[in-house]
Amino acid sequence: MSNDAFKPLALDTLVLHVDDHDRDHAVSPPIYQTTNFWAADAEEFDEMASGAPDSPLYSRYYTRYGNPTSERAAKVVAALENAEAAEVFPSGMSAISAVFLALLKSGDHVVCQDHVYAGAIAQLRALRQSYGVEVTFVDQRDVSAFDRAIRKDTRLVMLESPSHPLMHLTDIPAVTAIARERGAITAIDSTAATPVNQRPLELGVDLVIHSATKALSGHSDIQAGAVAGSRDLVQRIHERNVLLGGTPSPNDAWLLLRGMRTLALRVERQNANGLAVARALESDRRVARVHYPGLASHPQHELACRQMRGFAGVLGVELRGGFAGADAFISGLKRVRRAASIGAVQSLVVHPAAMWRTVLSPESLAERGIGEGLVRLSLGIDAADDILEDVTHALDAIPAVHA
């Protein structure tokens, strides 16, 4: 039987084989820990320096322009997202910034949902102040708000779904259809969903952004970012990124590669843990509300079932004990670690109101739906029973409340 006769590979298998290279035959890929590359002759050097993306020497010139290890990681990201091309970066913010700076110029308009990563909002505000890029923020849950906000000069619609800690969703097919009809590019931060749970390009998005620090690498040991999309758009971003110098180290690119090999296995466990903990907490009298799209009580559960394959391991939990109750709960956890980030093999927890109160007023926090008793849980690959035991024990540390 020829290879052509096989059915398409499942994501679990694809991620292991998409970057197979006949030239090295290494089961574990080599790390090209080098700044530059030598050429056999002047003609080859000219081709290396040309930066032509279709050249076999594309990443064989100078590591700021590209490196075989980061090129290999980008190839895997592209396969995960079913994209024509991808680019990797030294952080998620580097990826977001490169997208903005590659696609926007002075006077352009951006529509951005009001619940996105805080760094993305800060970067857009900086672009507005320094370069005159106009920004309109909208409620991601209201498709008509996007329709009203898009103008003739709108160049970019910026999304994140699910957004955390409240796990709001954006109706991706509906919003991207509106943007496409009006001539705007759509980009989405899909970090919380991962390519396992959501494939935004197949839902109409033009560019997918990941903080690869989170689930793609999955082990809390590197910072990285990624962007996937059409070959033309990714090339535009690559050209700007060369000027910005946003190149991951070869070692970090290799660790990202290694992490992505087990992405599907890790996310499957995190999905199961997320649903198990969400269901348990929803029935506890000390919990006012659980924000998790996998619960039938989530107001966008039907949308989640339509555009997601799984519901992730991140959930927002509103405790009845307020600020003190949230701190008591977190202090009572023994296995879930108090640390920023999501998507890691470890289970992590943060108290958003405590984390952000130095930069946001109580009024601003309330406007964003961040209550004093809200905690964000990002569940890892621990056994569900062990997480539930830890969470139940920590709930006992909250001062007595009445249902």
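**Notebook: a sheet, a helix and some odd backbone spots**

I started with the sheet: seven strands make it up, it is open, the order reads β1-β7-β6-β5-β4-β2-β3, and the pairing is mixed. I then looked for the edge strands and found β1 (85–89) and β3 (134–138), each of which pairs on one side only. From one strand to the next, the twist averages 20°. A reminder to myself: this is a predicted model.

**Entry: the β1 edge**

How do β1 and β7 run relative to each other, parallel or antiparallel? I found that β1 and β7 (residues 225–229) run antiparallel, and five bridges join them. I picked out one pair to look at: Val 88 has Ala 226 in β7 as its bridge partner. I also noted the general idea that strands of a sheet pair through backbone hydrogen bonds.

**Entry: helix α4**

Next I looked up α4, a helix of 12 residues that covers 92–103. Its first and last C-alpha atoms are 17 Å apart, which is close to the 16 Å expected at 1.5 Å a residue.

Is α4 mostly covered or mostly uncovered? I found α4 mostly covered, with 10 of its 12 residues buried. For "buried" I used the cut-off of under 20% relative accessible area. The buried residues include Ile 96, Val 99, Phe 100 and Leu 103. Gly 92, Ser 94 and Ser 97 are on that list too. I wrote down a helpful rule beside this: an α-helix has 3.6 residues a turn, so residues three or four places apart point the same way.

**Entry: the loop between β4 and α7**

Before this one I reminded myself that most peptide bonds are trans and that most residues other than glycine have a negative phi. Then I went to the loop between β4 (154–160) and α7 (172–181), where Pro 162 lies. The bond from Ser 161 to Pro 162 is cis, with omega near -5°.

Pro 165 is found in the loop between β4 and α7 as well. I checked the bond joining His 164 and Pro 165, and that one is cis too, with omega about 20°.

Met 167 also lies in this loop. Met 167 is not a glycine, yet its phi is positive, about 55°. Is Met 167 buried or exposed? I found Met 167 buried, because its relative accessible area is 0%, and buried means under 20%.

**Entry: Asn 82**

My last stop was the loop between α3 (68–80) and β1, where I found Asn 82. Asn 82 has a positive phi of about 55°, although it is not a glycine.

Methods
Residues numbered from 1 in each chain as written. Predicted model: local features only at pLDDT ≥ 70, side-chain atom pairs only at ≥ 80, totals over all residues. Heavy atoms only, no water. Pairing = 2+ DSSP bridges. Helix = DSSP H or I, 4+ residues; strand = E, 2+ residues; numbered from the N terminus. Axes fitted to C-alpha atoms, helices over the stretch in contact; angles between N-to-C directions. Expected span 1.5 Å × (residues − 1). Buried < 20%, exposed > 50% of the residue type's maximum accessible area, 1.4 Å probe, protein only.
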